[in-house]
Amino acid sequence: MADWSDCLNFGISIAKQASEVVLSGFREQKEVKLKSSPADLVTETDQRVETILISAIRARYPQHRFIGEESVAAGERVHLTDSPTWIIDPIDGTVNFVHGFPLVAISIAFTINKKTEFGIVYSCVEDKMFYAQRGRGAFLNGKALNASGQEDISRCVVVTEIGAERDDLALSTMTSNIFRLLKLPIHGIRALGTAAVDMCQVATGGADAYYHIGMHCWDIAASAIIVQEAGGVVMDTDGSDFDMMSRRVIAASSPAVANRIAEVIQTFPCRRDDEDPGKCICVAAGVNGPQII
Ligand code: IPD
């Protein structure tokens, strides 16, 4: 079995270095631009951190490929191949970053043959380095992580996000999902503003489940392997196998909890991350409500 430890260690060290740029911009006034919706933000720091990470990796591993949030926002296609690929979110939690809410993360996943070999989520302000390598366990600042193992949904803390999708269908589905879960009942709902850090809470056992519809592959690719290596399960909201491009995910402490959430929640249409934009019909946010584009 190939050992990607060198790449993992390099990823950890550049995430730490790049976090200095995130931290130095954290308390400052930022110029904010909108992307797909009024809640999908980008700053110069997001773009700068992505450039720093990709340049450093490319210099060391010139054959490797990249899927980066801001490169895709700038027009690159999401095309996951069998080649070694780094999937990067330079700042997961950009809304938090813009507001100075102290949970922001650099998220880096590495795939080969379309399979994730390792994931790194660095929660910069908290100085928490989550990482996992396939078959080798999950860690937080060097200490092994274990999901809670909880099997009873009525004893769960569940994390989710409303996210950047703001059309009527997405909003009504997401708010009614929270209602449905609270009525089961569950112990509580939480939202931290970063999908990557949200999902890592399942790996720590601090939360028992996480679900989200509408996020992207760069938000959750790294944290998915961290949850799995901590003994948790990750799957699609329709109960099928996890597919990082589908824009739907449930991460949970046990199959019982994951399946119960899949039974209770409803979804709304989202264009896959790897779908050719020219070929799809999808629902998008419009100023006057949902539109077909
Ligand atoms: C966002 C965050 C947020 C989630 C959104 C993501 P970004 O990522 O993960 O928690 O709800 O769906 O787009 O834009 O801050 O990298």
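In what order do the seven strands of the open sheet lie, and how are they paired? The order is β3-β4-β5-β6-β7-β8-β9, and the pairing is mixed. This is a predicted model, and everything below is computed from it.

## Domains

The chain is divided into two domains. Domain 1 covers 5-144 and domain 2 covers 153-264. Their centres, taken over C-alpha atoms, are separated by 20 Å. The contact between them involves 38 residues of domain 1 and 24 residues of domain 2.

## The seven-stranded sheet

Start at the edges. β3 (65-68) and β9 (143-144) each have a single partner strand, so one side of each is left without a neighbour in the sheet. The partner of β3 is β4 (residues 85-92), as the strand order shows. These two strands run parallel, and four bridges join them. Within this pairing, phenylalanine 66 stands opposite tryptophan 86 of β4.

Two helices meet this sheet. Helix α2 (residues 44-60) lies across β3, β4 and β5 (105-112). Its direction is at about 155 degrees to β4. Helix α7 (residues 217-229) also packs on the sheet. The strands that α7 touches are β3, β4, β5, β6 (115-123), β7 (128-133) and β8 (138-140). The direction of α7 makes about 100 degrees with that of β6.

## The five-stranded sheet

A further open sheet has five strands, in the order β11-β10-β12-β14-β13. Its pairing is mixed as well. The edge strands are β11 (188-190) and β13 (233-235), and each pairs on one side only. From one strand to the next, the twist averages 20 degrees.

Strand β10 (residues 157-159) runs parallel to β11, with three bridges between them. Valine 158 has isoleucine 189 of β11 as its bridge partner.

Which strands does α5 touch as it packs on this sheet? They are β10, β11 and β12. The direction of α5 makes about 155 degrees with that of β12. Helix α6 (residues 195-204) packs on the sheet too, touching β10, β12, β13 and β14 (248-252). For α6 the angle with β12 is about 150 degrees.

## Pockets and cavities

The table sets out the spaces by volume and by the classes of their lining residues.

| Space | Volume | Nonpolar | Polar | Charged |
|---|---|---|---|---|
| Largest pocket | About 1200 Å³ | 21 residues | 12 residues | 17 residues |
| Second largest pocket | About 330 Å³ | seven residues | two residues | six residues |
| Largest cavity | About 50 Å³ | five residues | three residues | one residue |

**Largest pocket.** A total of 50 residues line it. The closest to its centre are Ser36, Asp40, Ala164, His216 and Arg247. Several elements give two or more residues to the lining: α3 (69-73), β4, α4 (94-99), α7 and β15 (283-284). Both domains take part, with at least three residues drawn from each of domain 1 and domain 2.

**Second largest pocket.** Here the lining comprises 15 residues. Lys114, Lys115, Thr116, Phe242 and Met244 lie nearest the centre. The elements giving two or more residues to this lining are β6 and α7. Which element gives the most? Helix α7 does, with four residues. This pocket also draws at least three residues from each of domain 1 and domain 2.

**Cavities.** How many cavities of 30 Å³ or more does a search of the whole structure find? There are three. The largest cavity is lined by Thr160, Glu161, Ile162, Met174, Asn177, Ile178, Tyr211, His212 and Ile213. The elements that give two or more residues to this lining are α5 (168-182) and β12 (209-213).

## Elements that recur

Some elements appear in both the packing and the spaces. Helix α7 packs on the seven-stranded sheet. The same helix gives two or more residues to the lining of the largest pocket and four to that of the second largest. Strand β4 pairs with β3 and is also among the elements that line the largest pocket. Strand β6, touched by α7, gives two or more residues to the second largest pocket. In the five-stranded sheet, α5 touches β12, and these two elements each give two or more residues to the lining of the largest cavity.

Methods: Residues numbered from 1 in each chain as written. Predicted model: local features only at pLDDT ≥ 70, side-chain atom pairs only at ≥ 80, totals over all residues. Heavy atoms only, no water. Pairing = 2+ DSSP bridges. Contact = heavy atoms within 4.5 Å. Axes fitted to C-alpha atoms, helices over the stretch in contact; angles between N-to-C directions. 1 Å grid on protein atoms, 1.4 Å probe; cavity = no way out; pocket = protein on both sides within 12 Å on 5 of 7 lines; lining within 4 Å. Points joined across faces, edges and corners; volume = space filled by probe spheres on them. Nonpolar A, V, L, I, M, F, W, Y, C, P; charged D, E, K, R; others polar. Domains from an automatic or database assignment.
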